[in-house]
Amino acid sequence: MADWQDLFVTAADGLKLHVRAFGSAEATGLPVVCLPGLSRSSADFEELAIALATSAVRPRQVFALDYRGRGQSDYDKNPANYALSVEVADLITVLSSLNIARAVFVGTSRGGILTMLLATLRPEAIAGVVLNDIGPVIEPAGLMRIKGYVGKLPTPSSFEDGAEILRRLGEAQFPKLKSEDWLRQAKRTWTEKSGEFVLLYDPALAATLQDFDPEKPVPDLWAQFDALAEKPLMIIRGANSDILSAKTIEAMRARRASYTEAIEVPDQGHAPLLVEPGIIKQIENFVGHCEKNATL
């Protein structure tokens, strides 16, 4: 029996969007919606989603999304549609189509930005938020690093070769990962088709960062972050992150009177992988807090 079910939702413009659903539809726990990073997919949340869906304390449904152009979702012929405004509209379509009225959102990097945008449009849909290595201030050095590889990775000859490519790129931020960790990430970055390895996202995603200039200030998202003011919040930061600074976390906490929890993951950068049992348990406990808070 599979640990998940693959669902497809049609976006407003006709593109098919893939959603990986974990857990039983009969589960009564507050659902969780997982939103990946810019070039990542629903597969990144497999360990977390299975743990939450099969929890002995409170099983619940977990939905992990593939944005357009990623994973099993359709690619867009117009790269300009790989934009936050389009993707948040897609997210709202998915929530409506799957009858997800209220959930806890786990947003990694771009997924956290989409969650903040959702809070300005559908605040009632959000029961709590986990922002994984993202905040209202994004460090330009990290964006420049991401711009350097999105859509530009060399083609590996095998998954093992792909693991080595990723290790060379990411070892400075993730110095403690083992060979099997890099191999897992490689299998979540490429797929094999007709004997060739291809990215699990549209290389045209590179267009989303083509106009980024590190000499110009990155627009902040404080207004969007403040839309989460009444929501329970967990902030996760990789200790080696070059996207979310410790200073920004201090500023985030200073603006909030409601429940806020901050965790720093040692020996990881952007973005923490959320695969270790300890961090998964902390997220599970936070989701439980959100559930209790929602019933008050």
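**View 1. Helix α5, from end to end.** Let us start with helix α5, which covers residues 159–170 of this predicted model. At 1.5 Å a residue, its 12 residues should span 16 Å, and the C-alpha atoms at its ends are indeed 16 Å apart, so expectation and model agree. Seen down the axis of α5, the buried residues fall within an arc of 160°, so they line one face of the helix. These buried residues are F159, G162, A163, I165, L166 and G170. Turn to the other side of α5 and you meet E160 and R168, which are exposed.

**View 2. What packs around α5 and α6.** Here we look at the partners of the buried residues of α5: they pack against α6 (179–187), β7 (190–193) and β8 (196–199). Helix α6 has buried residues of its own, namely D181, W182, R184, Q185 and A186. And what covers them? The cover over the buried residues of α6 includes α1 (46–53), α5 and β7.

**View 3. A closer look at G162.** This glycine sits in helix α5. G162 counts as buried because its relative accessible area is 0%, against a cut-off of under 20%. Leaving out residues up to four places away in sequence, G162 touches P156, A186 and W190. One of these, A186, is itself among the buried residues of α6. For a sense of distance, G162 and I126 are 36 residues apart in sequence, and their C-alpha atoms lie 37 Å apart in space.

**View 4. D133, a buried acid.** Find D133 in the loop between β6 (126–132) and α4 (140–147). Which side chain of opposite charge is nearest to D133? It is R237, 5.2 Å away, and D133 has no salt bridge although it is buried. A salt bridge would need the charged atoms within 4 Å. The side chain of D133 does make a polar contact of 2.6 Å with the side chain of S241. Beyond its neighbours within four places in sequence, D133 is in contact with a list of residues that includes S109, I236, R237, G238, L244, H270, A271 and P272.

**View 5. S241, the partner of D133.** Now look from the other end of that polar contact: S241 lies in the loop between β9 (233–238) and α8 (246–254). With a relative accessible area of 10%, S241 is buried. Its side chain and that of D133 are joined at 2.6 Å. Setting aside residues up to four places away in sequence, S241 touches D133, Q173, Q268, G269 and H270.

**View 6. Backbone features to look for.** This last view gathers some backbone details, starting with the cis peptide bond between H270 and A271, where omega is about -5°. A271 lies in the loop between β10 (260–265) and α9 (277–295). L274 also has its place in the loop between β10 and α9, and its phi is positive, about 60°, although L274 is not a glycine. At 3% relative accessibility, L274 counts as buried. S109 has a positive phi too, near 55°, and is likewise a residue other than glycine. Look for S109 in the loop between β5 (103–108) and α3 (110–121). S109 is buried, with a relative accessible area of 13%. To link this view back to View 4, S109, H270 and A271 are among the contacts of D133.

Methods. Residues numbered from 1 in each chain as written. Predicted model: local features only at pLDDT ≥ 70, side-chain atom pairs only at ≥ 80, totals over all residues. Heavy atoms only, no water. Helix = DSSP H or I, 4+ residues; strand = E, 2+ residues; numbered from the N terminus. Buried < 20%, exposed > 50% of the residue type's maximum accessible area, 1.4 Å probe, protein only. Lys, Arg positive; Asp, Glu negative; His and termini not counted. Polar contact = N/O pair within 3.5 Å; in protein donor to acceptor, adjacent residues only side chain to side chain. Contact = heavy atoms within 4.5 Å. Expected span 1.5 Å × (residues − 1). Arc of directions from axis to C-beta.
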